[in-house]
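Thanks, everyone. Please have the viewer open, and I will keep this brisk.

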Amino acid sequence: MRLIVMGPPGAGKGTQATVVAANLGIPHVSTGDLFRANVGQGSELGLEAKRYMDAGEYVPDSITNAMLRDRITHDDCRPGFLLDGYPRTLDQVNELDMMLAASGQALDRTVELTVDTDEVVERLLKRAQDQGRTDDTAEVIRRRLEVYAEQTAPLTAVYEGRGLLVRVDGLGDVAEVTRRILAALAN
Ligand code: AMP
């Protein structure tokens, strides 16, 4: 199973992606987590990525695509993977298409988690307190939501056009939303 989980910042994407991937027995591949791991290690990629992340902007496609390509060519991704936070731009959609085509693979589904904006801001401010993420300040949250609306929300139309999109209501408790996602995938 090769899946994408999309949704605005604060939609519960990371939480759901972790649980759903474990449930399906496939690796959870989060570009945000990969960037944060690099930031934590103080790698060159991490230092470069942090400048963008802290401003609420996307890391340039060239860096992101190379990092994702490296990750999904690991052996553990052979049976499938769940992508969390990638693709986020049209360029990344095209890159992913090429990466998959090169290895004779195809996407099975794209899940879009939907939530309303007020709820999302509240969740992110709470996460800022709980996890201390440096990109969860009110100002950066606003910018991340704008960037999502401009650059990433339009991608759902691409996957909808391919008949791969399922929309799932992201509002509710974690277990309930997980059930909805798994039910949608079983259809
Ligand atoms: P996330 O954990 O998915 O919310 O990602 C945190 C931050 O990492 C984002 O706000 C971006 O700065 C960066 N990032 C993660 N994934 C991507 C991507 N696919 N393209 C560009 N930037 C990304």
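I will start with the ligand site and then walk through a few single residues.

One thing up front: this is a predicted model.

So, the ligand. Where does the ligand sit with respect to the pockets? The space taken by the ligand is the largest pocket. The shell around the ligand holds 17 residues. Thr31, Arg36, Glu57, Gly85 and Arg88 come nearest. By class, the shell splits into 7 charged, 5 polar and 5 nonpolar residues. Which element gives the largest share of that shell? Helix α2, residues 31-41, with 4 residues.

Now the polar distances to the ligand. Take the nitrogen side of the ligand before the oxygen side. A polar side-chain atom of Gln92 is 2.9 Å from a ligand nitrogen. The backbone plays a part in this list too: a polar backbone atom of Val59 is 3.1 Å from a nitrogen atom of the ligand. For oxygen, look at Lys13. An N or O atom in the Lys13 side chain is 3.4 Å from an oxygen atom of the ligand. How much of the ligand's area does the protein bury? The ligand alone exposes 480 Å², and the protein buries 96% of that.

Stay on Lys13 for a moment. Lys13 lies in helix α1, which covers residues 13-24. Is Lys13 buried or exposed? Its relative accessibility is 13%, and the cut-off for buried is under 20%, so Lys13 counts as buried. Besides the ligand oxygen at 3.4 Å, the Lys13 side chain has a protein partner. That is the side chain of Asp84, joined to Lys13 by a polar contact of 3.2 Å.

Back to helix α2, since it supplies 4 residues of the ligand shell. Asn38 is in this helix. Asn38 has a relative accessibility of 16%, and therefore counts as buried. What does the Asn38 side chain reach? A polar atom of that side chain lies 2.9 Å from the backbone oxygen of Leu34.

Compare that with another side chain paired to a backbone oxygen. His74 sits in the loop between α4, residues 61-72, and β3, residues 81-84. A polar atom of the His74 side chain is 3.4 Å from the backbone oxygen of Asp70. Why is His74 partly exposed? Because its relative accessibility is 39%, and partly exposed runs between the 20% and 50% cut-offs.

Next, strand β1, residues 2-6. Met6 is found there. At 3% relative accessibility, Met6 counts as buried. For a distance check, go from Met6 to Ile72. They are 66 residues apart along the chain, and their C-alpha atoms are separated by 18 Å.

Then helix α5, residues 90-102. Asn94 lies in helix α5. Its relative accessibility is 41%, so Asn94 counts as partly exposed. Another pair for your distance list: Asn94 and Gly170. These two are 76 residues apart in sequence and 27 Å apart from C-alpha to C-alpha.

Last item, and one to keep in mind when you prepare files. Which peptide bond is cis? The one from Tyr86 to Pro87, with omega near 0°. Pro87 is in the loop between β3 and α5.

To recap the site: the ligand takes the space of the largest pocket, and the protein buries 96% of the 480 Å² that the ligand exposes alone. Questions, please.

Terms used
Residues are numbered from 1 along each chain as its sequence is written. This is a predicted model: local features need pLDDT of at least 70, side-chain atom pairs count only at pLDDT 80 or more; totals for chains, interfaces and linings use all residues. Side-chain values use heavy atoms; hydrogens and water are left out. A residue is near a molecule or strand if one of its heavy atoms lies within 4 Å of it. A polar contact is a pair of N or O atoms within 3.5 Å; within protein, one must be able to donate a hydrogen and the other to accept it, and residues adjacent in sequence count only if both atoms are side-chain atoms. Accessible areas come from the Shrake-Rupley method with a 1.4 Å probe; for residues, only the protein chains shown count as cover. On a 1 Å grid over the protein atoms alone, a cavity is a set of points where a 1.4 Å probe fits but cannot get out, and a pocket is an open set with protein on both sides within 12 Å along at least five of seven lines; lining residues have an atom within 4 Å of a point. A molecule sits in a cavity or pocket if more than half of its atoms lie within 2 Å of its grid points. Helices (H or I, at least four residues) and strands (E, at least two) are DSSP runs, numbered from the N terminus. Ala, Val, Leu, Ile, Met, Phe, Trp, Tyr, Cys and Pro count as nonpolar, Asp, Glu, Lys and Arg as charged, and the others, Gly among them, as polar. Buried means under 20% relative accessible area, exposed over 50%, partly exposed in between (1.4 Å probe, protein chains only).
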